[in-house]
Protein chains: 2
Amino acid sequence: MDGSRRSILKTVGAGLALSGLGATRVRAAQRPIGYAIVGLGSYATRQIMPNFAGCDHARLVALVSGTPEKLQRYGEQYNIPATHHYSYADYDRIRNNPDIDVVYVVLPNSMHAEYSIRAAQAGKHVMCEKPMAISVAECQAMIGASRKAGKLLMIGYRSRFEPYNRLAIDLARRGHVGPTRIITSEHGFPIKPNQWRLDRPLSGGGSLMDIGIYSLNATRYLSGEEPVSVSAIEATDRSDRRFRTVEDRISFLLRFPSGIEATCVSSYSSAHNAYRVVGTQGWIDMEPATPYEGHAMRIRKDGVVSPRVLPAPSKNQFAGQLDHLAECIMNGTTPIVPGEEGLADLRVIEAIYRSAAEGRTIAMTA
Amino acid sequence: MDGSRRSILKTVGAGLALSGLGATRVRAAQRPIGYAIVGLGSYATRQIMPNFAGCDHARLVALVSGTPEKLQRYGEQYNIPATHHYSYADYDRIRNNPDIDVVYVVLPNSMHAEYSIRAAQAGKHVMCEKPMAISVAECQAMIGASRKAGKLLMIGYRSRFEPYNRLAIDLARRGHVGPTRIITSEHGFPIKPNQWRLDRPLSGGGSLMDIGIYSLNATRYLSGEEPVSVSAIEATDRSDRRFRTVEDRISFLLRFPSGIEATCVSSYSSAHNAYRVVGTQGWIDMEPATPYEGHAMRIRKDGVVSPRVLPAPSKNQFAGQLDHLAECIMNGTTPIVPGEEGLADLRVIEAIYRSAAEGRTIAMTA
C-alpha cells in the first residue's frame, strides 16, 4: 500500500470515527492542517504538542515564543525549521507562511484576545485556550475579527472530545436518570506560588478563570442550557501571598430555564475534580471528571450504583480537539465549541464576579 | 448476679462508652427517665419507639395522639396502660403524671413550638424533632419556656449520636486532611404527594425545613462555626401539585468566619444524601452521610482514597439520642444539641429563604 492510499483510508476512517461529533467525511488526500503554537509553556509543550502524533488531520508546523532557546529546543524535537520559528516581534509575519492554517493561542489569559485577533487578521483560523479571554468585550472582538477574516475560531474545551464526558452529556440530556434536577460540579487544586496564574494583569482573575471554568462549562454542556440566575460568594485570604491580586475560592449557584439548579465550587486551595448530574431517578457521577486521563463514571439508577467503563479511545481528547478543528476547516463546518461557547462562559464568569462583589443574585438576559 | 448489680454495671459501662459526648458517669441505680411521645406518625412509631429497647436510661412511658386507635395499638405493643394515654385535649394533664420526665415532640413542624412550650409549662424536659420550629421567634420562645421551667430542651439531631458523623466531626475539626476549605453537602429525596410536609401551614416550608436542614446542620457541625454570609437560589415548579405551597429545591452557599465555604443542596425532587469536607490535603467523604443506617466514609489524603469502616456501635443513633438527654437529666448537664442548636439552624434557614426571595446575599450578625 503506498503512502497516499494509506492516507486516504486513514482519513476516511477518522471521519467515520468522529461522526458522533457531527463531522462529515473529510475530503480525502488533502494535506494535513498546519498548526502554529503560540506560547511554549508547560500545557503547550507537555499536553498539546506531543499529541499531534496521534492526529489524522492536524500537524505541528510552526512555533511562536519569546524565548529563543525554546524555539531551538522544540524546533529540533518536532523537526520544525528555523523558517517556521517566530518571536512575538515577528508574530504578524505568520501571514506570509502558507503552511500555517491555524494559530493555537496558549498564552496567559490576558493575551488571548490580542494574539487571536492578530492571527485572524493574518488570515489564519484560531484555536484559543480557555478561558477564551478575560472579558465579554474581548470575546466579542475575537469573534468579530475571525468572522471578518472569514476564518474559524474554536476554544480549547478538550473535555468535549473525551468519551466519558460525551457519554455523560448524552445520558444527561436524554434523561437516562430522569429529567435533570440538580448538577453539582467542583474543580480546584492547591496552587503553588510564583506563577502567572496568580498575577491578575496576566490571568484576569483567580481560580474561576483557570479551573472553576470547568465547573461552569460542565453545567452548561450537561444541561444544554444557559443560566438565567447567578449567585456567588468568594472566600480569599488576602494575607496569603498567593492571593494578593486574584481570588482563591469562589462558590456559585446557577439556575437554568428548565429549572435545573447547579451548585459549583472553584478553588485554588483544595483539590476537586468532579461533577454529578442528579435526575429524578438517580445520578450520573464523574470523578475525576475532567482530568487529562483516568476518568471514572458511576451511574445510580433505581437505587443501584454501577461503574460505567468505556474502552480506551483510539484518539485522546487532545488529538481529538486538534483534529476536530482541522476537519471543520476541511469540511467548511462550524466547531462544536466555537468562540460563542467561550463567550457564553465569560458572560457567566462576569456575572459570578459581579454577584460576589455586589452581594446580589444576577439575572442573566438573553 | 442480681438485677440491681447488673443494672449498676450496665449503667457504669454506658457512662464510659459515652464519655466522648462529655457525659459524666450517671448516678447508678436511678430509675430510667420516662418519655412521653407526642405524635404517633411513622417516624415516631417506626424509628423512635422501637429503639427504647436499646436504651440504658430511657424508657417509653406515655403516648399522646389524636387517634384513639393508635393509642390502643401502640399502648398494647409497648405495654403502656390507658392511664398514660393522652389526647391533644388531655395534653396538659401530663403535668400530673410523675412517670413522665421528658416529652418528645414528633408533630408536624408548625406544632413543635406550642407543644414544646406547653410541655415545659407542665414541668417536663423536652426533646423536639428537627426543625426545632418554623421561625427564629418560635425557637426563642421555646428556649425561654424551658429555661423558665428549669427544664432541659434538646433537638433531635440524631446524626450527632452516630459514630461516622462523630468521627467526621473529629477528623474535620482537627485538620486530618488539612484546614477545611470547602464543604459540599447535599440532601434530598423525591417526595410523594399528599402529606403534611407539602402543606405549608403544617410544615412551615418545603425541602429546606425537612431534608435540606441536614445539609445545613452538617456544615455547622463539621466546621464548628456559624455562617457569616448566606446566598440561595430556589427552583420550584408551581404547576407540580406537590409544590403549590412549599419550595421544591433550594440551593445555598455559606461562608464561615475562618473562610470555609459551603455549597449545599436541598431537594424534594431528586435523591441526595452526602457531604464532603475538603481540606488543603484531601477530603473526608460521607455517602450516605445521614441515613438511618448504612453510613459509608471514604478519606482521601495525600492522593490516596481509602474507605474507613467502623465497628457496629453497641447503641444506634436513635437510642444514643434518647439516652443522651436521659443522662443529661440525671447528671444535670446540658445536651450537646440544646435548643440553641435548633435556633442556630433556623436563623440560617430564615436567611436562606430571605436570600432566595430578595435576590441578595444575607450578612449574618452575631
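Below is a short chat about a predicted model and how its chains A and B meet.

Me: Hi! Anything to know before I start?
Reply: Residues are numbered from 1 along each chain as written, with chains lettered from A and ligands numbered from 1 in written order. The model is predicted, so local features need pLDDT of at least 70 and side-chain atom pairs 80 or more, while totals for chains, interfaces and linings use all residues, and side-chain values use heavy atoms, without hydrogens and water.

Me: Cool. What's the strand order in the open sheet of chain B?
Reply: Its nine strands run E14-E13-E12-E11-E7-E10-E9-E8-E15, with mixed pairing. Strands here are DSSP runs of at least two residues, numbered from the N terminus, and two of them pair if DSSP finds at least two bridges between them.

Me: Which strands stand at the edges?
Reply: E14 (304-308) and E15 (362-363) of chain B; each has a single partner strand, so one side of each lacks a neighbour in the sheet.

Me: Switching topic: how much do chain A and chain B bury between them?
Reply: About 2,900 Å², 56% of it on carbon and sulfur atoms. That is accessible area (1.4 Å probe) lost on being put together, summed over both parts.

Me: Who loses the most in chain A?
Reply: Ile233(A), Leu253(A) and Glu261(A), together 21% of what that side buries.

Me: And how many salt bridges are there between the chains?
Reply: Two, counting a Lys or Arg side-chain nitrogen within 4 Å of an Asp or Glu carboxyl oxygen. One of them joins Arg276(A) to Glu287(B), with the closest N and O atoms 2.7 Å apart.

Conventions:
Helix = DSSP H or I, 4+ residues; strand = E, 2+ residues; numbered from the N terminus. Buried area = accessible area lost by both parts, 1.4 Å probe.
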